[in-house]
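Subject: Structure for you to look at

Hello,

Here is the structure I promised to pass on. Please open it and keep it in view while you read the rest.

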Amino acid sequence: MTTKTAAAQAGAPQRRFTFNLRQSGIYIAFALIVVLFTVLTDGALLTPQNISNIIVQNSYVLILAIGMILVIIGGHIDLSVGSVVALTGAICAVLTVQMGLPWPLAVLITLLAGAVIGAAQGYWVAFFGIPAFIVTLAGMLVFRALTLTVLGNQGIGPFPDQIRTLANGFTEGYLGNVGLGPLGGADLVSLLVGVAVVAGFAFNQWRNRKARLNYGQVVDPFPIFVAKIALAAAVVLAVVVQLARFRNLPWVLVLLAVLALGYSVMANKSVFGRHIYAIGGNLQAATLSGVKVKQVTFWVFVNMGVLSALAGVIFAGRLNQAGPTAGNAFELDAIAAAFIGGAAVQGGVGRVVGAITGGLIMGVINNGMSLIGAPSERVMLVKGLVLLAAVAYDVWTKRRGRA
């Protein structure tokens with residue numbers, strides 16, 4: 001340790017343990033919901049197969065939530081994502097099933113189609129000044145009509161094995177299984193991936209803490225810092241162990257991890273990400289500061305279109321068919337995931353990890369209530385109340401912060 005670093009650590013303020021309601025409340029709520037449904041289902045919620053089902057069944061919502069959180073942070077909304085999912089799934093089906101194109105080329109063309117759709121909507125919002133609510137509401141109707149036109153009001157399938165594997169498949173057990181005592185065998189590669197993720201997370205947190213110390217900023221006491229990392233590591237490893245005991249890691253989970261990491265870095269570390277927060281936080285100040293508001297807004301919607309296309313491919317591959325009713329109400333799930341995950345109604349606030357957590361909360365509620373045999377109307381009731389509670393909680397914490 002250098003003399004400068006040691007001096008910084010000695011002089012940096014060490015705060016007592018504090019609890020940030022706005023940032024940490026979502027994770028506490030998620031834990032409580034998991035515990036509740038674990039008790040109600042007699043442990044069935046946390047079985048290896050069911051954990052895998054929750055991830056695979058909600059993958060498309062989590063992908064949409066990543067894009068939606070950026071749109072909402074920028075002060076906008078996108079009501080068309082469900083219809084875009086349906087249209088891009090139909091495009092992929094036509095390219096692969098009817099035209100026989102190689103699946104990588106078909107997926108690439110589908111993602112480009114999503115980018116074009118996002119660019120079309122982004123143009124009207126950013127450069128023509130029409131509110132995003134109106135533009136995407138019109139897009140929801142237009143793209144649903146185009147879906148029906150492309151499909152001819154019938155489903156197209158089946159999809160190539162590779163696309164189905166991406167949506168429903170699992171990684172191979174390249175190194176075989178390893179015994180875990182009473183837990184039985186588990187895939188060694190999956191366990192090593194889990195250990196690597198935990199090690200990377202711990203290193204990143206340590207590096208951030210060191211940087212804050214060097215700048216003399218307030219940090220948690222070291223025991224609290226270690227406890228937080230240990231808790232996060234325990235949760236990640238517990239999930240990975242359960243997945244490794246079932247059928248290894250789902251490929252869609254690998255995809256989600258890459259997206260979550262990439263978009264978290266982009267939102268928190270890049271100039272583009274900081275501009276999104278600036279625009280949503282204070283549009284006038286961002287404009288006066290030289291932020292290219294129109295260009296940033298345009299590319300946010302292009303990104304939403306690409307992620308919607310990716311979700312369309314995943315969803316169609318999971319069903320092994322592109323159908324005219326695909327994507328119904330997906331926009332509501334994505335928006336709910338973003339707001340439950342901590343996004344502010346006015347924009348300027350939100351995190352990618354929070355949106356993913358919000359999507360998982362919705363997924364656990366759906367899955368848990370299905371396991372206990374609750375009717376669909378009760379599921380919708382609970383999800384609506386959870387969304388209302390999340391927004392009310394956001395408003396309450398803001399007022400509490402001002403006070």
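Below is what I found about the two domains and the place where they touch.

First, a caution: this is a predicted model.

The domains. The protein chain is split into two parts. Domain 1 comes in two stretches, 42–169 and 250–396. Domain 2 covers 174–249. Their centres, taken over C-alpha atoms, lie 27 Å apart. Domain 1 puts 12 residues into the contact, and domain 2 puts in nine.

The buried area. About 780 Å² is buried between domain 1 and domain 2. Carbon and sulfur atoms account for 72% of that area. Which three residues supply the most on the domain 1 side? They are Pro48, Ile51 and Pro250. Together they give 51% of the area that domain 1 buries against domain 2.

Polar links. How many salt bridges are there between domain 1 and domain 2? The count is zero. Polar contacts do occur: two residue pairs make them across the two domains, both at pLDDT 80 or more.

The domain 1 side. Two elements each give two or more residues to the side that touches domain 2. These are helix 3 (48–57) and helix 11 (251–269). Helix 3 gives the most, with five residues. What kinds of residue make up this side of domain 1? Seven are nonpolar, four are polar and one is charged.

To find the spot on your screen, start from helix 3 (48–57) and helix 11 (251–269).

Best wishes

Definitions and conventions: Residues are numbered from 1 along each chain as its sequence is written. This is a predicted model: local features need pLDDT of at least 70, side-chain atom pairs count only at pLDDT 80 or more; totals for chains, interfaces and linings use all residues. Side-chain values use heavy atoms; hydrogens and water are left out. Domain bounds come from an automatic or database domain assignment. Contact means heavy atoms within 4.5 Å. Buried area is the accessible area (1.4 Å probe) that two parts lose on being put together, summed over both. A salt bridge is a side-chain nitrogen of Lys or Arg within 4 Å of a carboxyl oxygen of Asp or Glu. A polar contact is a pair of N or O atoms within 3.5 Å; within protein, one must be able to donate a hydrogen and the other to accept it, and residues adjacent in sequence count only if both atoms are side-chain atoms. Helices (H or I, at least four residues) and strands (E, at least two) are DSSP runs, numbered from the N terminus. Ala, Val, Leu, Ile, Met, Phe, Trp, Tyr, Cys and Pro count as nonpolar, Asp, Glu, Lys and Arg as charged, and the others, Gly among them, as polar.
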